[in-house]
Amino acid sequence: MLEIPVTVPENDPLTLPVQKTVIDRIIGENRGTPGATMVILNELQSEIGFISTSMQAYVAQQLHVPVSVIHGVVSFYSFFTTTPRGKHTVKFCLGTACYVGGVDQLIEKAKSILGIEPGETTADGMITLEICRCVGACSQAPVLVVDEEVMGRVKPSKIPQVVRRIQDGRSG
Ligand code: FES
C-alpha cells in the first residue's frame, strides 16, 4: 500500500496500477545514482506526462528527502508540469528580446481568450499555455511557439487566429 502523507486523488497516476508500476520502476532503477532526483523527475515527466503533487510527495518519501526539495525542482524548471499537458502547446518566449518586444501583451490576450494562466490547460484538454526561455529567434521578437512551430513578430491581434487554427485542428 501507499504510505504517503497526502490524500491521493482519484485518477492520480499513483492510483492507476500500470502507471504506478512505471513510477516504481523509474524510482527503483535510479535511486542511489548521482543526481537521482533530477533523473527520476525527468523520466517521470517523459513517461507519465506530468508530476502531480501526490507523485512529488511519493518521490520525496522514497528518496528520503523533504517534499519541499522535490517541489522546488519541479516548480523551477518549466519542462516539468504538475498536470497533463493539452493536445497542443502554445509557448511564449520570455527571453529579453521578446520581453522588450511586448510578449506580455500576447500572453494577456491568450489568457483573456482562453481563460487560463500560463502553466494551465483548457478544460477540453486542447491547449496548454506555457512560458519558455529564448528559442533563438530573437530577431523576430516577440515570438511564440505553437507545438514545434516558431512564429515571429506576432501581434496581439493575431492571437485569436492562432487559437482558432488550433481549435480547428490546423495548429500553426
Ligand atoms: S528572446 Fe525570444 S527568441 Fe530570443
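A patch, as I use the word here, is made of residues with over 30% relative accessible area and no salt bridge, and nonpolar side chains are joined into one within 5 Å. I note at the start that this is a predicted model.

**Entry 1: the surface patch**

I looked for a nonpolar patch and found one of about 320 Å², made by Phe76, Tyr77 and Phe79. I then looked up the place of Tyr77, which is in the loop between α4 (67-76) and β1. Is Tyr77 buried or exposed, or in between? Its relative accessibility is 35%, so I put Tyr77 down as partly exposed. The limits I used are under 20% for buried and over 50% for exposed.

**Entry 2: the whole chain**

Next I stepped back to the fold. I counted seven helices and four strands in the protein chain. Along the sequence they come in the order α-α-α-α-β-α-α-β-β-β-α. For the extent of the chain I took the C-alpha atoms, which fill a box of roughly 50 × 30 × 20 Å along the principal axes. I also looked up burial: of the 172 residues in the chain, 40% are buried.

**Entry 3: the largest pocket**

I went on to the pockets and wrote down a volume of about 290 Å³ for the largest one. Its lining has 18 residues, and those nearest the centre are Tyr77, Ser78, Phe80, Thr81 and Gly119. Tyr77 therefore appears in my notes twice, since it also helps to make the nonpolar patch. Which elements supply at least two residues each to this lining? They are α4 and β2, and β2 has the largest share, with four residues. I sorted the lining by class and got seven nonpolar, nine polar and two charged residues.

**Entry 4: the largest cavity**

I searched the whole structure for cavities of 30 Å³ or more and found two. The largest has a volume of about 50 Å³. I listed its lining as Val90, Phe92, Ala110, Leu114, Ile127, Leu129, Leu144, Ile159, Val162, Val163 and Ile166. At least two lining residues come from each of β1 (88-93), α6 (103-114), β2 (127-132) and α7 (159-167). Which element gives the most? I found that α7 does, with four residues. What classes of residue make up this lining? My tally is 11 nonpolar, no polar and no charged residues.

**Entry 5: the second largest cavity**

The second largest cavity has a volume of about 40 Å³. Its lining is made up of Cys93, Gly95, Ala97, Cys98, Cys134, Val135, Gly136, Ala137, Cys138 and Val143. By class I have eight nonpolar residues, two polar and no charged ones. Gly counts as polar in this scheme and Cys as nonpolar, so I entered Gly95 and Gly136 as the two polar residues.

**Entry 6: lysine 158**

Last, I looked up lysine 158, which is in the loop between β4 (149-151) and α7. How exposed is lysine 158? With a relative accessible area of 28%, it is partly exposed. I reached that class because 28% is neither under 20% nor over 50%. I also noted the separation of lysine 158 from lysine 109: the two are 49 residues apart along the chain, and their C-alpha atoms are separated by 9.5 Å.

Technical notes. Residues numbered from 1 in each chain as written. Predicted model: local features only at pLDDT ≥ 70, side-chain atom pairs only at ≥ 80, totals over all residues. Heavy atoms only, no water. 1 Å grid on protein atoms, 1.4 Å probe; cavity = no way out; pocket = protein on both sides within 12 Å on 5 of 7 lines; lining within 4 Å. Points joined across faces, edges and corners; volume = space filled by probe spheres on them. Patch = residues over 30% accessible without salt bridge, like charges linked within 9 Å, V, L, I, M, F, W, Y side chains within 5 Å. Areas by Shrake-Rupley, 256 points an atom, 1.4 Å probe, with all protein chains shown as cover. Salt bridge = Lys/Arg side-chain N within 4 Å of Asp/Glu carboxyl O. Buried < 20%, exposed > 50% of the residue type's maximum accessible area, 1.4 Å probe, protein only.
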